[in-house]
Amino acid sequence: MWATMVQDGQFDRENYNKGPSMPSSPGETHCAAVSATAWVEPHGKCTVAFSVAWSSPKIKFCKGKSYNRRYTKYYGTSKMAAKDLVHDSLTNYMLWEEEIEKWQNPVLRDDGLPEWYKFTLFNELYFLVAGGTVWIDSDSPAENSSGIKSIIADSTKSNKTEASVVHRTALNGSDTSADDPSRSASEEEGEESDTFENCAVNSNSAGPTNNDDHDDVGRFLYLEGVEYIMWCTYDVHFYASFALLELFPQIELSIQRDFARAVLSEDTRKVKFLAEGNSGMRKVKGAVPHDLGMHDPWHEMNAYNIHDTSRWKDLNPKFVLQVYRDFAATGNLSFAAQVYPAVCAAIDYMDQFDRDNDGLIENDGFPDQTYDTWTVHGVSAYCGSLWLAALQAAAAMALQLGDQSFADKCTHKFVKGKAVFEEKLWNGEYFNYDSGSSGNSKSIQADQLAGQWYTAASGLPDLFSGEKISSALQKIYDFNVMKVRGGRMGAVNGMHPNGKVDETCMQSREIWTGVTYGAAATMIHAGMKEQAFATAEGIFTAGWSEEGFGYAFQTPEGWTMDGHFRSLIYMRPLSIWGMQWALSTSKTILKPPQIHLMDRTPHVVNSSHNEAGVKKIATKAKCFGNAVFHCSC
């Protein structure tokens with residue numbers, strides 16, 4: 001073949017009309033080539049477009065289930081669909097490039113943004129295609145796996161009151177009935193569901209719903225990382241989800257629906273947990289799973305088995321926060337009603353961790369959160385702030401859906417818990433790592449305001465006073481950022497108040513890329529843009545720049561001060577889109593209920609649910625709104 005090309009610079013057409021080639025046998029290699037000829041004048045130029053496509057219509061997981069990939073909805077399941085894919089790419093690629101430029105130009109031409117930020121913002125999106133992404137057309141397995149059944153117990157039979165669609169909020173100035181307000185939220189997803197205590201939605205009132213064909217975007221999976229092979233790891237998706245919400249919001253909602261279903265399910269099979277050596281249920285009802293599985297996603301969850309994540313303190317609050325943020329950003333009231341029973345269940349499940357009934361959850365003396373080697377004792381800044389934020393978000397969502405009783409319950413807990421949180425952790429400058437008496441209890445944690453980050457991103461009232469938020473963020477900037485290589489590496493997770501890095505464990509001394517971006521986003525929300533960009537620039541300098549460690553397009557979970565990485569090609573750095581979310585105009589189209597939860601006493605109820613309104617959606621980059629991308633977002 002190459003000899004022919006060398007001889008006269010082109011291939012003959014002897015095989016052109018011979019029809020399809022035969023598939024190769026095992027161990028046999030076939031080759032193919034195309035060439036094009038063009039006449040180029042002196043000093044002229046010519047562009048020749050080549051396209052390569054392949055059709056691999058099914059994805060099959062290790063335990064046998066296979067599914068049709070999402071593109072088969074448009075191109076069918078034939079392997080010959082590759083011809084249509086090639087044709088469409090060659091005829092549309094220039095339009096695609098134009099649309100990409102239209103999407104990127106508002107950022108690229110913004111003189112107020114640093115050049116390194118523009119570069120890194122778009123390039124971190126590599127993970128959405130390089131992160132082991134699987135996008136299927138529906139939740140029904142392909143024909144050759146239809147006989148394989150899920151082992152997850154059907155815990156959906158219940159005599160309890162079903163949660164129906166309730167929306168008293170007026171959209172566009174009028175009330176529109178839901179498709180069928182008599183159906184339960186979970187029935188709209190094809191199954192019934194238990195509801196937990198204090199989760200009731202009044203079905204006498206109905207409102208607008210967005211339940212139409214645009215909600216059908218198939219189902220989406222992406223790995224935590226190429227070294228941590230678990231699908232949609234949720235404690236990490238908490239950080240990365242801003243990218244999906246900003247660019248592909250319906251995919252983001254579909255992931256949340258998957259986790260909402262998972263909350264109300266259980267899997268009673270026993271699993272041995274490696275760290276403690278004990279055994280427990282694979283999936284406990286009411287607990288948000290760590291991940292959607294590995295070898296049989298959606299049906300065999302919690303591939304993670306280092307700790308019993310049903311005892312983790314961050315997963316349930318993170319679910320509530322993500323759901324409310326997505327609801328507030330999209331205004332999708334049908335989505336809110338569908339996932340609301342799971343929101344109630346997730347909150348109620350956490351009651352067991354408030355052992356002294358002070359409204360605040362306590363950690364259990366092991367690494368029971370996303371920092372899974374960093375032990376926490378008692379009340380913690382990270383999990384405690386997430387919990388307070390989740391209570392406020394759940395109360396706001398309950399009011400939007402007409403559940404006054406649950407809103408009151410969450411508000412009561414919030415008011416009590418906030419006072420305890422500040423009393424036990426605030427030291428005048430920042431919130432201590434935890435309320436224990438260990439050597440790192442007073443450490444400065446870069447992620448101590450994770451709950452405040454989501455509160456601000458969701459348009460809810462701040463968890464704490466502006467002075468405390470600014471003071472804590474400035475402390476993080478001065479110590480966790482600037483005392484590590486002059487701020488050129490990002491924010492170290494833990495720093496002692498004496499200016500020495502917290503060496504308690506591997507993770508306390510690491511600089512996590514995604515957490516650094518999240519801290520920077522929190523700074524932007526607090527009006528500290530200068531510190532925010534200086535903080536995040538350390539990740540660019542160490543990871544992407546020519547003077548860094550060479551981690552471009554494989555951004556790791558984190559690195560140490562000497563540049564040693566852990567877990568290349570990782571999900572969490574997508575949180576840089578949390579910075580873009582914070583920089584843009586208001587992303588929430590739903591105003592929170594006109595009630596300041598922080599100012600309320602535990603026994604005063606002043607619902608203004610009927611006053612909650614909807615404001616015009618802010619202009620923002622969403623899915624591409626043209627026919628070329630065939631995007632149903």
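Buried, as used here, means under 20% relative accessible area, while exposed means over 50% and partly exposed lies in between, with a 1.4 Å probe and protein chains only. By that yardstick G384 is buried, because its relative accessible area is 1%.

Before going further, a word on what you're looking at. This is a predicted model, in which local features need pLDDT of at least 70 and side-chain atom pairs count only at pLDDT 80 or more, while totals for chains, interfaces and linings use all residues. Residues are numbered from 1 along each chain as its sequence is written, and side-chain values use heavy atoms, with hydrogens and water left out.

**The chain as a whole**

The chain has 16 helices and 13 strands. Those are DSSP runs numbered from the N terminus, with helices being H or I of at least four residues and strands being E of at least two. Of the 633 residues in the chain, 55% are buried. Contact here means heavy atoms within 4.5 Å. Take the contacts between residues at least 6 apart in sequence, and 71% of them join residues at least 24 apart.

**Three covered helices**

Helices α9, α10 and α14 can be set side by side. The expected span is 1.5 Å times one less than the number of residues in the helix.

| Helix | Residues | Expected span | End-to-end C-alpha distance | Buried residues |
|---|---|---|---|---|
| α9 | 333–349 | 24 Å | 24 Å | 17 of 17 |
| α10 | 381–400 | 28 Å | 28 Å | 20 of 20 |
| α14 | 513–525 | 18 Å | 19 Å | twelve of 13 |

For α9, the computed end-to-end distance agrees with the expected span. Even so, α9 bends by about 45 degrees at V339, and a proline, P341, follows within four residues. That bend is the angle between axes fitted to the seven residues ending at a position and the seven starting there.

Helix α10 also agrees with its expected span, and right after this helix comes G402, with a positive phi near 85 degrees. G384, the buried glycine from the opening, is found in α10. Leaving aside neighbours within four places in sequence, G384 is in contact with L360 and F421. The C-alpha atoms of G384 and K313 are 8.6 Å apart in space, although 71 residues separate the two in sequence.

As for α14, its end C-alpha atoms again fit the expected span. Among the buried residues of α14 are T513, Y517, M523 and I524. This helix, too, is followed by a glycine with positive phi: G527, near 80 degrees.

**How α7 meets α8**

Two packed helices are described by the angle between their axes and the distance between the axes. For α7 (residues 249–263) and α8 (residues 315–330), the angle is about 145 degrees and the axes are 11 Å apart. Axes are lines fitted to C-alpha atoms, for helices over the stretch in contact, and angles run from 0 to 180 degrees between N-to-C directions. The crossing of α7 past α8 is left-handed, meaning that the near helix is turned anticlockwise from the far one by less than a right angle; clockwise would be right-handed.

Which residues of α7 meet α8? On the α7 side they are P249, E252, L253, Q256, F259, A260 and V263, and they meet F319, Q322, V323, R325, D326 and T330 in α8. This set divides into seven nonpolar, three polar and three charged residues. In that count Ala, Val, Leu, Ile, Met, Phe, Trp, Tyr, Cys and Pro are nonpolar, Asp, Glu, Lys and Arg are charged, and the others, Gly among them, are polar.

**A few single residues**

Is K118 buried or exposed? This lysine, found in helix α4 (residues 115–123), counts as buried because its relative accessibility is 3%. Not counting residues up to four places away in sequence, K118 touches V107, L108, D110 and L113. The C-alpha atoms of K118 and L108 are separated by 6.1 Å, with the two ten residues apart along the chain.

F464 sits in the loop between α12 (450–457) and α13 (466–481) and is buried, with a relative accessible area of 2%. Its C-alpha atom is 8.1 Å from that of Q452, twelve residues away along the chain.

H43 lies in the loop between α1 (2–8) and β1 (58–60), and counts as exposed because its relative accessibility is 88%. Phi of H43 is near 65 degrees, a positive value in a residue other than glycine. I569 is another non-glycine residue with positive phi, near 50 degrees, in the loop between β13 (565–566) and α16 (576–583).
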